[in-house]
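Me: I should like to understand how the descriptive terms applied to a protein model are justified. Please take me through them one at a time.

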Amino acid sequence: MLEISQVSKTFFPNTVNERRALQGIDLHLAEGDFVTVIGSNGAGKSTILNTIAGKLLPDTGTVKVSGKDVTRMADHRRAAWIGRVFQDPTAGTAPNLTIEENMALAWRRGHTRGLARGVSRSRRGLFREELTKLELGLEDRLTAKVGLLSGGQRQALSLLMATFSGPKILLLDEHTAALDPSRAELVTRLTQQVVAEHRLTTLMVTHNMSQALEVGNRLIMMHDGRIILELDEAQKAGRTPADLLAEFAKIKGAVVDDKTMLS
Ligand SMILES: Nc1ncnc2c1ncn2[C@@H]1O[C@H](COP(=O)(O)OP(=O)(O)OP(=O)(O)O)[C@@H](O)[C@H]1O
């Protein structure tokens with residue numbers, strides 16, 4: 001469904017600031033695959049998501065979705081089939097607009113564009129129904145300004161809105177990292193729910209290794225722009241964060257004191 005083949009990206013090539021962010025990445029995801037992505041700082045995790053989203057053009061290699069080469073397709077043209085949630089809870093929603101206005105904007109992105117600013121009664125009913133699934137009571141606060149919501153509530157709303165355009169692919173860039181543990185757990189649970197309900201092909205970057213092991217059906221570990229370890233569901237089962245650190249150390253041939261991999 002999503003085929004990343006031999007993708008490389010170097011920033012500031014041939015200068016003292018040269019950064020080889022991706023070095024020949026090969027990653028194939030079947031429809032509905034949910035891959036967690038771990039790795040040290042600067043490993044290339046965000047860069048791979050940016051390449052899939054079309055925010056970055058790779059130097060070499062291809063990105064294909066359902067067999068179609070989209071490597072050079074502009075990001076706005078991919079927006080209808082890619083949903084994305086970032087680490088910053090303020091990034092995915094407009095604080096001065098109400099919950100229903102935010103939802104209406106997200107809805108319009110994936111459907112016939114209309115200029116009407118208002119929210120029709122039937123649309124409001126749909127939004128309320130969708131919000132009920134979050135179990136946060138937001139369905140009773142449709143006209144509240146989003147800036148008044150907590151970080152966890154905003155991330156949950158961003159996640160819901162990311163599915164409105166009917167995307168095929170969901171990209172999650174440390175979307176629970178800025179939340180306290182109980183909110184992070186809630187958003188993680190909602191993520192699993194949303195991914196299963198819409199059968200989304202998903203990549204989730206996280207520094208939380210327990211979360212990376214518990215969630216999804218595949219795991220990849222990146223280092224220095226390369227995928228250095230891939231685990232399927234069976235291989236993930238029974239492994240602990242300590243096992244992952246040990247494996248990282250073994251592959252790198254050194255004792256790892258890489259706290260950046262830990263949550
Ligand atoms: N726009 C850019 N311009 C220049 N260098 C960049 C840019 N984006 C990323 N890099 C560099 O590419 C490398 C990979 O960065 P990336 O953000 O993908 O890492 P990451 O694995 O997401 O790290 P972190 O866990 O710290 O967020 C790093 O060396 C980074 O400094």
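**Reasons behind the terms**

Reply: In this predicted model, strand E6 and strand E7 (residues 169-173) run parallel and are joined over 4 bridges. Within that pairing, Arg84 stands opposite Leu171 in E7.

Me: What makes E6 and E7 count as a pair?

Reply: Two strands pair if at least two bridges are found between them. E6 and E7 have 4 bridges, so the condition of at least two is met.

Me: Which sheet contains these strands, and which of its strands are called edge strands?

Reply: The sheet is open and has 6 strands in the order E6-E7-E8-E3-E9-E10, with mixed pairing. Strand E6 (82-85) and E10 are the edge strands, since each pairs on one side only. Direction ignored, neighbouring strands of this sheet are turned by 15° against each other on average.

Me: What is the order of the sheet with 4 strands, and why is one side of E2 and of E5 left without a neighbour?

Reply: The order of this open sheet is E2-E1-E4-E5, and its pairing is antiparallel. E2 and strand E5 (68-69) stand at the edges with a single partner strand each, so one side of each has no neighbour in the sheet. Strand E1 (residues 2-11) pairs with E2 over 7 bridges in the antiparallel sense. One of the bridge partners is Ile25 in E2, which matches Val7. Helix H1 packs on this sheet, where it touches E1, E2 and strand E4 (60-65), and its direction makes about 60° with that of E2.

Me: Why is H1 described as largely enclosed by the rest of the structure?

Reply: A residue is buried if 20 or more other C-beta atoms lie within 10 Å of its own. In H1, 7 of the 9 residues are buried, so the helix is largely enclosed. The buried residues are Lys45, Thr47, Ile48, Leu49, Asn50, Thr51 and Ile52. Just after H1, Gly54 has a positive phi of about 85°.

Me: How do you know whether Asn14 and Asp224 are exposed or partly exposed?

Reply: The cut-off for exposed is 12 or fewer other C-beta atoms within 10 Å, and partly exposed lies between exposed and buried. Asn14 has 7 such atoms, so Asn14 is exposed. Asp224 has 15, so Asp224 is partly exposed.

Me: What makes the phi of each of these two residues worth a remark?

Reply: Most residues other than glycine have a negative phi. Asn14, which is not a glycine, has a positive phi of about 55°, and Asn14 is found in the loop between E1 and E2. Asp224 is not a glycine either and has a positive phi of about 55°; Asp224 lies in the loop between strand E9 (218-223) and strand E10 (226-232).

Me: Which residues lie around the ligand, and which element supplies the largest share?

Reply: The residues around the ligand include Phe11, Arg19, Gly42 and Lys45. H1 supplies the largest share, 3 residues. Strand E2 (19-29) and helix H1 (45-53) each give at least two residues to this shell. By class, the shell has 3 nonpolar, 6 polar and 2 charged residues.

Me: Which members of the largest nonpolar core touch the most other members?

Reply: They are Val37, Leu157, Leu159, Leu171 and Ile220, in a core of 61 residues. Leaving aside neighbours within four places in sequence, Leu159 is in contact with Val85, Val187, Leu190, Thr191 and Val194.

Technical notes: Residues are numbered from 1 along each chain as its sequence is written. This is a predicted model: local features need pLDDT of at least 70, side-chain atom pairs count only at pLDDT 80 or more; totals for chains, interfaces and linings use all residues. A residue is near a molecule or strand if its C-beta atom, placed from the backbone, lies within 6 Å of it. Ala, Val, Leu, Ile, Met, Phe, Trp, Tyr, Cys and Pro count as nonpolar, Asp, Glu, Lys and Arg as charged, and the others, Gly among them, as polar. A nonpolar core is a set of buried Ala, Val, Leu, Ile, Met, Phe, Trp, Tyr and Cys residues joined through C-beta atoms within 7 Å. Two residues are in contact if their C-beta atoms, placed from the backbone, lie within 7 Å. Axes are lines fitted to C-alpha atoms, for helices over the stretch in contact, and angles run from 0 to 180 degrees between N-to-C directions.
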